[in-house]
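Here is a relaxed walk through one protein model and the molecules bound to it. Have the viewer open as you read.

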Amino acid sequence: MQDLMQLDNQLTTEEKLIQQSVRQFVDGEVIPLMMDAYEKAYFPKDLMPKMAKLGLMGMTLPEEYGGSNASSVAYGLVCHELERGDSALRSFISVQSSLCMFPIFTFGSEEQKTKYLPDMAQGKIIGCFCLTEPNSGSDPASMKTTAKKVNGGWQLNGSKMWLTNAPFADIAIIWAKTEDGIRGFIVPSDSKGLSITSMENKLSLRASATGEMALQDCFIEDDALLPGSGIGLNAPLQCLTQARYGIAWGAMGAAEFCYEQAVSYAKERIQFEKPVASCQMIQKDLADMLTEICKAQCFNYQLGRLKDAGQSNHVMVSMGKMNACREAIKIAHKARNILGGNGIMLEYHVMRHMNNLEAVYTYEGTDNIQHLILGRYITGFNAF
Ligand code: TGC
Ligand code: FAD
């Protein structure tokens, strides 16, 4: 895509190299697979070791834990490129890096960090993040899953659903109510009393593996507790802030793909003896699409630099997630329209992105929830 706002000039050499290598990977190895993966609804697991080899799992963590100390902007660029391929790939990395490795790094003991993080960075251990329940989505404080203190450990009971990566995860970061309040646990997925079933028939994010979990008297040892997670929602909400940040970048990757597809199609498609790209109404749509992508990218870049300087906050991140998802869906829809009938065909990829973005708009806090987070910041009134 044309770099109208010259953001490339703002990137470090390392960030540019990371961006280029992931772009090549997505063009060469991801996009050719996605039609089949989406149509047949499976996550292309062969890509996991390749993503690990590229250093994409937990890349912002220190080297001693398997990361590469990469900047938040570099992580954002990776999310953008992966989601240009398919939202399922960015989802996979968001969950592994932001929702599983981040809490272990931030709230885990030294033993937990050394036990899990290097293997997770190499893709040898895959995680899932378990906050949502059948009756507790936007309002996680209402969760019913319990963790009861018993001799030598904890006993978990309850159910979780909508868990990205769960069907093939090795560990689960589970948030459950103790006598004192909500706490986080690292739970091996083969624990007795824990069962995971795959959620089938999704019409969005078909190439992402989503599962639901039942916990029935599931015993876990004392050392499963994330000791630094404190009590309450603060720790899981910090994880959500990390993942929402990646979505703000990622959604614009899907938007970029749709925009580029629309531009090239419009230049080649002849109607009324001229390319449809020469029609004013098509040009208006393309101009609006490019404008929104550039605006969101400038926002994301500034957000990333603030994050690296320790000056970002969760309100900014909510604004980025909300705006990027909303605008990306509009862009995908405009692209679908520009492609005419071909816009609904899998081989043009646009409707795959458009459908994926519906889930991206909803998970990690719906559009309404992001608005209310901003509304509370603006007015001081909690309207949840
Ligand atoms: P609230 O009183 O607002 O906050 C409790 C404490 O946490 C702090 N805080 C945050 N910190 C970091 N990041 C955030 N986003 C934070 N939001 C709040 C807050 O300052 C407070 O700290 P303290 O020290 O004062 O105690 O808590 P609340 O219960 O009122 O929260 C309300 C609400 C609606 C904002 C929150 O529950 C929410 O965000 N709900 C949406 C649920 C959600 O987003 N679920 C996502 C599940 S995971 C998922 O979808 C993964 S998809 C992954 C993929 O496939 O890519
Ligand atoms: P609800 O909370 O029931 O909301 C229904 C509607 O009501 C929405 O429009 C919402 O915006 C609106 N609403 C709710 N409360 C208010 C309010 N106070 N004011 C105004 N409007 C309101 N969760 C995990 O824990 N881990 C995962 O890995 C994960 N992956 C997911 C993958 C996919 C494909 C999907 C679809 C979801 C995933 N989720 C995951 C769950 C996701 O975070 C929830 O779906 C999301 O938070 C919304 O919850 P809900 O679906 O229960 O909707």
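What follows covers the two ligands first and then a handful of residues in loops.

## What we are looking at

Keep in mind that this is a predicted model. Every distance and area below is computed from its atoms, so to speak on paper.

## Ligand 1 and its surroundings

Let's start with ligand 1, which has 26 residues around it. T164, T241, R244, E364 and R376 are the closest of these. Sort the shell by class and you get eleven nonpolar residues, eleven polar ones and four that are charged. As for location, ligand 1 sits in the largest pocket.

Which helix gives the most to this shell? That would be α6, with six residues. Helix α6 runs over 234-268, and like α4 (87-107) and α10 (367-379) it supplies at least two residues of the shell.

## Polar contacts of ligand 1

Now for the atom pairs. R244, already listed among the closest residues, puts a polar side-chain atom 2.8 Å from an oxygen atom of ligand 1. Y363 also uses its side chain: an N or O atom there is 3.3 Å from a ligand oxygen. With L237 the backbone does the job, since one of its N or O atoms lies 3.1 Å from a nitrogen atom of ligand 1. How much of ligand 1 gets covered? On its own it exposes 1,100 Å², and the protein buries 74% of that area.

## Ligand 2 and its surroundings

On to ligand 2, where the shell holds 16 residues. F129, T132, S138, W162 and T366 come nearest. By class, eight residues of this shell are nonpolar, seven are polar and one is charged. The space that ligand 2 takes up is the largest pocket, and ligand 1 sits in the largest pocket as well.

Strand β3 (153-164) gives the most to the shell around ligand 2, with three residues. Both β3 and α10 supply at least two residues here. You have met α10 already: it also supplies at least two residues of the shell around ligand 1.

## Polar contacts of ligand 2

The three contacts to look at here each involve a nitrogen atom of the ligand. T132 brings a polar side-chain atom to 2.7 Å from a nitrogen of ligand 2. In the side chain of N368, an N or O atom is 3.0 Å from a ligand nitrogen. F129 works through its backbone, with a polar atom 2.9 Å from a nitrogen of ligand 2.

And the coverage? Ligand 2 taken alone exposes 970 Å², of which the protein buries 67%.

## Two residues with positive phi

Time to leave the ligands and look at backbone angles. Most residues other than glycine have a negative phi. F272 is not a glycine, yet its phi is positive at about 50 degrees. H349 is not a glycine either, and its phi is positive too, at about 70 degrees.

Where do these two sit? F272 is in the loop between β8 (270-271) and β9 (274-275), while H349 is in the loop between α8 (314-338) and α9 (350-362). Are they buried or exposed? F272 counts as exposed because its relative accessibility is 78%, which is over 50%. H349 has a relative accessible area of 11%, under the 20% cut-off, so this residue is buried.

## Two buried serines

S71 lies in the loop between α2 (47-53) and α3 (72-85). Its relative accessible area is 17%, and therefore S71 is buried. What does its side chain touch? A polar contact of 2.6 Å joins it to the side chain of E15.

S229 sits in the loop between β7 (210-221) and α6, the helix that gives the most to the shell around ligand 1. With a relative accessible area of 6%, S229 is buried. Here the partner is a backbone atom: the oxygen of L226 lies 2.9 Å from a polar atom of the S229 side chain.

## One exposed asparagine

Last stop, N135. You will find it in the loop between β1 (127-130) and β2 (146-150). N135 counts as exposed because its relative accessibility comes to 76%.

For a sense of distance, compare N135 with A41. The two are 94 residues apart in sequence, and their C-alpha atoms are 26 Å apart in space.

Technical notes. Residues numbered from 1 in each chain as written. Chains lettered and ligands numbered in written order. Predicted model: local features only at pLDDT ≥ 70, side-chain atom pairs only at ≥ 80, totals over all residues. Heavy atoms only, no water. Near = heavy atom within 4 Å. Polar contact = N/O pair within 3.5 Å; in protein donor to acceptor, adjacent residues only side chain to side chain. Areas by Shrake-Rupley, 256 points an atom, 1.4 Å probe, with all protein chains shown as cover. 1 Å grid on protein atoms, 1.4 Å probe; cavity = no way out; pocket = protein on both sides within 12 Å on 5 of 7 lines; lining within 4 Å. Sits in = over half its atoms within 2 Å of the grid points. Helix = DSSP H or I, 4+ residues; strand = E, 2+ residues; numbered from the N terminus. Nonpolar A, V, L, I, M, F, W, Y, C, P; charged D, E, K, R; others polar. Buried < 20%, exposed > 50% of the residue type's maximum accessible area, 1.4 Å probe, protein only.
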